[in-house]
Amino acid sequence: MKQENLFGTENEKKDSGPVECLGMTFESDEVRRTHFIEQLREKLKDPEFRSLDGFPKGADNAILELSDPPYYTACPNPWFSEVVDEWEKMSGKSSSVYHREPYAADVSEGKNDPIYNAHSYHTKVPHKAIMRYILHYTEPGDVVLDGFCGSGMTGVAAQMCGDVQQIESLGYQVDANGNILERSDALDSSGREQWTKISKVGVRKVILNDLSPLATYLSSNFNTYEDVEELESKANEIISSLEEEFSWLYKTKHGEKYGRINYTIWSDVFECPECLSEIVFWDSAVDLTKGQVYDEFHCKKCSSLVTKRTANRVYITKHDSILNKASKMIKQVPVQIIYSVDGIKGRLSKKPDQEDLEQINKIESLEIDSWFPSERLFYGRETRRNDAIGFTHIHHYYTKRNLLLLSSLYKKLKTNKLKFLFTGFVGGATKLNQFHLKNYVFGGGGINPGARKGTLYAPSISMEVPIFSLYRDRLRTQIRAFKNYTKLDKKNCLITTSSCSALNSGYEKEILDYVFIDPPFGANLNYSELSVFWESWLGLYTKNDLEAIENPAQNKGPDEYRGLMTSCFRRIYELLKPGRWITIEFSNTKASVWNNIQSSLSDAGFIVGNVSALDKKQGGINANVTKTAVKQDLVISAYKPSADLELKFNNGNDNSISLWEFVSSHLSFVPIFKLQNNRLVPVSERDPRILFDRVVSFFVRKSLAVPISSQDFQLGLRTRYAERDGMFFLPEQVAEYDKKRAQSSELSQLSIFVDDEASAIEWMRKELKARPKVYSEIHPLFLNELSGWKKNELELELSTLLEQNFLKYDGNDEVPSQIHTYLSTNFKDMRGLDKSDPKLVAKAKERWYVPDPNKAADLEKVRLRALLKEFEMYKAEKKKIKQPRAEALRAGFNTAWEAQDFQTILDISAKIPPVVLQEDEKLLMFYDNALTLTSTEDDEW
């Protein structure tokens, strides 16, 4: 028996025999699909079903053509509960004790895997990166959810957990029993490598959901295997028949011969503001010797120096036979044809001759018999970007030549896999295709970079690539991909098209074992707008009223985005089993979006356990998050509290006791140690201030007053838990940390990004804990670390920060123990001196230091009084507060919360700049909960 047969068999051939589905037997897979399609057809007649949140916009036939029920529907999936219940029966697993620490290692995976490149999408996480998380958090047969599935890479990852070859490519080993082993950092007593079990080989079941019908269509195709030879044969047959009929469209003359056009370069035409003559942008702005496009260029007639801004565009008006009316749009002309001729080596190019121009005019006069999309682009930031240049309808984005071929081709595509091939290249067939001049001039490939990412920008120089070339290139890519992924089986996936916030609304079971999502992040991308060309060919559009993005065209700002994400996280929370994990891959450079995500998670009930880095290589979006700047995407690991913990709070127990039960529970979910480049680094979630933040967040979410101050909390930590390197551990955890600490020569320190009061205090605490200093030592270091204060937050003097948060030895009492320890350890002449010795006192005088917990409590009271005094000034202020002190806001919001004075929180929030609220996780938490409770009171009244 081959080893892979222990863990899963290859997909059955299409129509190979009887098929089992939801307790029924069908004589073939096609019969199965026909049976459920008819049921779906009847379901689509139900107005209540069509009113479900996220139901796409389009005709029933489009939904039915794409769907493959019960596994995939291009609308909310009516078989959700039946499929999930069947999975549960098939797994045969009984409930057992489950515990995982968060996956704390940073992950790095490239994007060069064939399956990744089979079809593009706006954002994608390599499936091998996701596999590491799934293997860590789940067992074979567990149910995984991706509520924002995009192209479906989480589905591929869940299925590839049953493929030994894929698992071993991650650096793991698989033994004969299907156990997955990871190499340990430590060697055994004989100096040999040690391998420890981390998981087990086996497919995980996966639910893939997205608001976009394009996304779920891609997910279905990525997660379904089809006979590759049969697919390739059929695809070649189709394109060959079209080449026989339409190859003349891409011919150009070379002497007495005809060559094949590889691509045609088109250029915008402008009008000189001085002499009113036409300026072909390519002819005037492009330098073919230097490979450069100039911002300023000369009119060839009058030599005036112009730019694209100062020159007027030339427009042409002609009859649009598709719309049956005159259309006005920019003038674009072909300027270069790059072609090949049999028997002649190398790239040939020429300026279009008269015959070429006549052929283009002939094509423009042709009527297209087959269907193609011609709708008006809906209102949006990107979809209306090109109205001014006349690109108002879908068909305006294609040359007539390419549109004719696309229309004829699409008519011949009868299966989803063939349509998947079509959508894989159709984006490269538009006028948005850029032209890379430097690579064209100097070589190196990459002449066709495609459309500009994240926008529908129409370049002034574009490439028209023949459909035949695009088709064959995409076919090679997809065949190569699916040859390597024979174990993909649609029966392991449940794919549904709906809003994540309403995912199978009404289904109450906690059926999810793990969640991995790469959700939209603020205004990063307008997904529904950027998908418009793909979705237009599929005949289904995203119903974007619930699209979780920031977009002025949809009247959605940060608050609306946060509200939508919160509703999605709440639905995920309802479906996730207690004690289980959600992983959120985060790609955004704005602190406000980071805080919105964390606030949404907290409001839904999740508790953050860890933040790590995910390097997708080849660029990735840089994330800059409050204090820490990183070059990789971030990964947030959060968990749903155990049912026992929730019960203790819901039963009205003594909150002071429940608080410590929460802390103990939370510490059990936090990594015991973290490694970065094989060096031990601090686990921020074990820091006392972060732990207190988690306590406050948990209590506020439950509308409870926090029964302890920050300083009393820190004293309580020290009496109940083991402390190491400023972090706190459960008794059963500390031995493991000590062992790892002994193997590491030092504990690396995380850099702090100083740009506000909180980060400045944190930086000074780290500096003064290492070495008590006098002001003259601190000041230059502080200025060097300061990266620029947030412009909407009050900047404080260093002296004020020191006076309100730290202590200075004045020489009147005994030398504080912190300073005494530092001096006696680092200066020989100080060793053995009594704390009252004049020599020691003189050396210690004027040094600032971190107070011990007892004295810190008194200092904290003084600081709190100062902060609340400032907050009272904000309450009395009638005008907008341009630069508030964030720490005063936090203290004031907390005090108002304890007094259940929710209106004060809302009133102050309305006075301060929105960015101050959006970029502060604590302020957002108080604001959101105050808003919710105030709304609830109004409803009850």
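## Exercises on a predicted structure

**Exercise 1.** Where does Asp-834 lie, and which residues gather with Asp-834 in a patch of negative charge?

*Solution.* Start with the place: Asp-834 sits in the loop between helix 28 (817–826) and helix 29 (838–844). Helices (H or I, at least four residues) and strands (E, at least two) are DSSP runs, numbered from the N terminus. The model is a predicted one, where local features need pLDDT of at least 70, side-chain atom pairs count only at pLDDT 80 or more, and totals for chains, interfaces and linings use all residues. Residues are numbered from 1 along each chain as its sequence is written, and side-chain values use heavy atoms, with hydrogens and water left out.

Next, look at exposure. Asp-834 has a relative accessible area of 45%, so Asp-834 is partly exposed. The cut-offs are: buried under 20% relative accessible area, exposed over 50%, partly exposed in between (1.4 Å probe, protein chains only).

Last, find the partners: Asp-810, Asp-813 and Glu-814 gather with Asp-834 in a patch of negative charge on the surface. Such a patch takes residues with over 30% relative accessible area and no salt bridge, and joins like charges within 9 Å. Asp and Glu count as negative.

**Exercise 2.** How many salt bridges are there? Describe three of them, with their places and exposure.

*Solution.* Begin with the rule: a salt bridge is a side-chain nitrogen of Lys or Arg within 4 Å of a carboxyl oxygen of Asp or Glu. By this rule, the count is 56 salt bridges.

Step one: Lys-128 and Asp-113 form a salt bridge, 3.7 Å from N to O. Lys-128 belongs to helix 5 (residues 127–137) and Asp-113 to the loop between strand 4 (107–108) and helix 5, so the pair ties together parts 15 residues apart in sequence. Both Lys-128 and Asp-113 are buried.

Step two: in the salt bridge of Asp-142 with Arg-580, the closest N and O atoms are 3.9 Å apart. This pair links distant parts of the chain, 438 residues apart: Asp-142 is in the loop between helix 5 and strand 5 (143–146), and Arg-580 is in strand 26 (residues 576–586). Asp-142 is buried at a relative accessible area of 3%, and Arg-580 is buried at 10%.

Step three: Asp-342 and Arg-260 meet in a salt bridge of 2.9 Å, N to O. Asp-342 lies in the loop between strand 20 (332–340) and strand 21 (348–350), and Arg-260 lies in strand 11 (residues 257–271), so parts 82 residues apart in sequence are tied together. Asp-342 is exposed at 55% relative accessibility, while Arg-260 is partly exposed at 40%.

**Exercise 3.** What span should helix 19 have, and is helix 19 enclosed or open?

*Solution.* The expected span of a helix is 1.5 Å times one less than its number of residues. Helix 19 (residues 591–604) has 14 residues, so the expected span is 20 Å, and the end C-alpha atoms are indeed 20 Å apart. Now check burial: 14 of the 14 residues are buried, so helix 19 is largely enclosed by the rest of the structure. Just after helix 19, Gly-605 takes a positive phi of about 115 degrees.

**Exercise 4.** How far apart are Ile-115 and Met-153 in sequence and in space?

*Solution.* First place Ile-115: this residue is in the loop between strand 4 and helix 5. Ile-115 is buried, at 0% relative accessibility. Then compare the separations: Ile-115 and Met-153 are 38 residues apart in sequence and 9.0 Å apart in space, C-alpha to C-alpha.

Terms used. Patches are made of residues with over 30% relative accessible area and no salt bridge: like charges are joined within 9 Å, nonpolar side chains (Val, Leu, Ile, Met, Phe, Trp, Tyr) within 5 Å. Accessible areas come from the Shrake-Rupley method with a 1.4 Å probe; for residues, only the protein chains shown count as cover. The place of a charge is taken as NZ of Lys, CZ of Arg, CG of Asp or CD of Glu.
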